[in-house]
Amino acid sequence: MRKVIIMGAGGRDFHNFNVVFRDDPETEVVAFTAAQIPGIDHRAYPASLAGRRYPDGIPIVPESELAELIAREEVDEVVLAYSDLSHQAVMHKASTALAAGTDFRLLGPDATMLRSTKPVVAVCAVRTGSGKSQTSRRVGAALLDAGLKVALVRHPMPYGELERMRVQRFATLADIDASHPTVEEREEFELPVGLGMVMYAGVDYAEVLEQAQAEADVIVWDGGNNDFPFFRPDLLITVVDPLRAGHELKYHPGETNLRMADVVVVNKVDSADAKSIERVLADIAAVNPDATVVRAESPVTLDDGPSLAGAAVLVVEDGPTVTHGGMPFGAGTVAAQRAGVGMQVDPRPYATGSIADVYRDNPHLGNVLPAMGYSDEQLRELAATINRADCDAVVTGTPIDLGRLIDSRHPIRHVRYELRELPPTSLEVVLEPVVQAARAASYALTG
């Protein structure tokens, strides 16, 4: 029996276990380790999901205990199963495992992708915060406009009770509210549902896929971080970010997504300088010259509210983008600066509880407040930080209406941003073969 530890962050790790190791009689997974996301360790992957070979479930422990765990359990192999790590960071983790005497392994697309009976469009990225979700929304909207039924399947965010989250389906805002989601989940679910798509997520993606493909003409996979898809795509769209030019070849598994892509969306060309855009285009040409390149803007708009001209403003940004995505700012900062704010308030003196810990763990952060809300307590700490701040207004660059979730003593102005392609190539053009395939399949079923 080969003993294995899976290193993860509450998503890809569970998927890899389910499709590769769960029913393998020659392997025993002795533990998952957890990183990146606060509060997802010191629990267990339950027996109901782990299967008959694991009647007690599988423990989830902090990644900091990896070397000790290898020695105690006499582990043979460590499998890395999470995303948005620099290539250097991946090898540091490999070195930790190798120094303890174990093998180190990465599972690839052929081993982990599930096949759908319906056409699949996958949207992935080279880094967290590249604009993947807005691209997924744009793809979904184009398919809806073509008269197709769309199921948008999101990369897992199983930070709550895992058994309850085996398969999640959301068709209305009330469905989302009833699931008691984290802020990160709301950021991904609310806007697509508002556009008329059915959202799926969960823990067991074989079951997720079975349900999603039963009600949809086409599946849109919306990846998490810079991970590659769980479903085998008929069309793979990878989003690159010229605000972080060069990162497309420096992060795992973002470079994999770039090399596999059928279509590469060069986003944020309205914000990036010409030199950075050219660097990204050169890297695309070097590793994937056959990919179709689509240039796109991400224009930001502010909802109505009090004038920000000359005001002292606290900017709240999308949490994953500015934490493990490494961005020092996001759409909120761009919108605030264009609105002529007098000062962007430094949130750090007002940060409380785990929000203060976020700044300690992410020293690159400056005058932005990450919209962290992985638990009710953390959401309360976020609200307390906002209300303690000495400012005239709050600008939120998250995709959700933060005012629905917290009581703010400051007026809030919400920033919206959507993908806008530039001529000559649009997403409708690259999606046309998928539209035709979905229509043909639907016709074959209905006659």
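This note goes through helix H6, the charged pairs, the cysteines and some backbone features of a predicted model.

1. Helix H6 and its length. Helix H6 covers residues 132–145, and its 14 residues should span 20 Å at 1.5 Å a residue. The C-alpha atoms at its two ends are 20 Å apart, which agrees with that expectation. After H6 comes Gly147, a residue whose phi is positive, near 90 degrees.

2. The surroundings of H6. Of the 14 residues in this helix, 11 are buried, so H6 is largely enclosed by the rest of the structure. The buried set includes the charged residues Lys132, Arg137 and Arg138, and among its other members are Ser133, Gln134, Thr135, Ser136, Val139, Gly140, Ala142 and Leu143.

3. Lys132, a buried charge without a salt bridge. Which side chain of opposite charge is nearest to Lys132? That side chain belongs to Asp222, and it is 5.1 Å away. A salt bridge requires the nitrogen and the carboxyl oxygen to be within 4 Å, and Lys132, although buried, has no such bridge. A polar atom of the Lys132 side chain does, however, lie 3.4 Å from the backbone oxygen of Gly223. Leaving aside residues up to four places away in sequence, Lys132, which lies in helix H6, touches Val123, Cys124 and Ala125, together with Asp222, Gly223, Gly224, Asn225 and Val239.

4. Asp222 and its partner. Whereas Asp222 is the nearest opposite charge to Lys132 without bridging to that residue, Asp222 does form a salt bridge with Arg154, in which the closest N and O atoms are 3.9 Å apart. Asp222 lies in strand S12 (residues 218–222) and Arg154 in strand S9 (residues 150–154), so this pair ties together parts that are 68 residues apart in sequence. Both ends of the bridge are buried, with a relative accessible area of 2% for Asp222 and 3% for Arg154.

5. Other salt bridges. The structure holds 32 salt bridges, and a few of the others can be inspected individually. Arg404 pairs with Glu190, the closest N and O atoms being 3.4 Å apart. Arg404 is in the loop between strand S21 (393–396) and strand S22 (412–417), while Glu190 is in helix H8 (residues 183–195), so the bridge ties together parts that are 214 residues apart in sequence. Arg404 counts as partly exposed, at 39% relative accessibility, whereas Glu190 counts as buried, at 14%. The side chains of Asp241 and Arg244 also meet in a salt bridge, with an N to O distance of 2.8 Å; here Asp241 is buried at 2% relative accessibility, and Arg244 is buried at 6%. In addition, Arg2, Glu77, Asp103 and Arg105 are linked in a network of salt bridges.

6. Cysteines. How many disulfides does the structure hold? The model contains zero disulfides. Cys124, which is among the residues that Lys132 touches, is buried, with a relative accessible area of 0%. Cys391 likewise counts as buried, at 10% relative accessibility.

7. Two cis peptide bonds. Most peptide bonds are trans, and the exceptions described here are therefore worth locating in the model. His252 and Pro253 are joined by a cis peptide bond with omega of about -10 degrees, and Pro253 is placed in the loop between strand S14 (251–252) and helix H10 (254–260). A cis peptide bond also joins Pro423 and Pro424, with omega of about 15 degrees, and Pro424 is found in the loop between strand S23 (420–421) and helix H16 (427–446).

8. Positive phi outside glycine. Most residues other than glycine have a negative phi. Gln36, which is not a glycine, nevertheless has a positive phi of about 70 degrees, and this residue sits in the loop between strand S2 (27–34) and strand S3 (43–45). His42, also not a glycine, has a positive phi of about 55 degrees and is likewise found in the loop between S2 and S3. As for accessibility, Gln36 counts as partly exposed, at 28%, whereas His42 counts as exposed, at 63%.

Definitions and conventions: Residues numbered from 1 in each chain as written. Predicted model: local features only at pLDDT ≥ 70, side-chain atom pairs only at ≥ 80, totals over all residues. Heavy atoms only, no water. Disulfide = S-S within 2.5 Å. Buried < 20%, exposed > 50% of the residue type's maximum accessible area, 1.4 Å probe, protein only. Expected span 1.5 Å × (residues − 1). Polar contact = N/O pair within 3.5 Å; in protein donor to acceptor, adjacent residues only side chain to side chain. Contact = heavy atoms within 4.5 Å.
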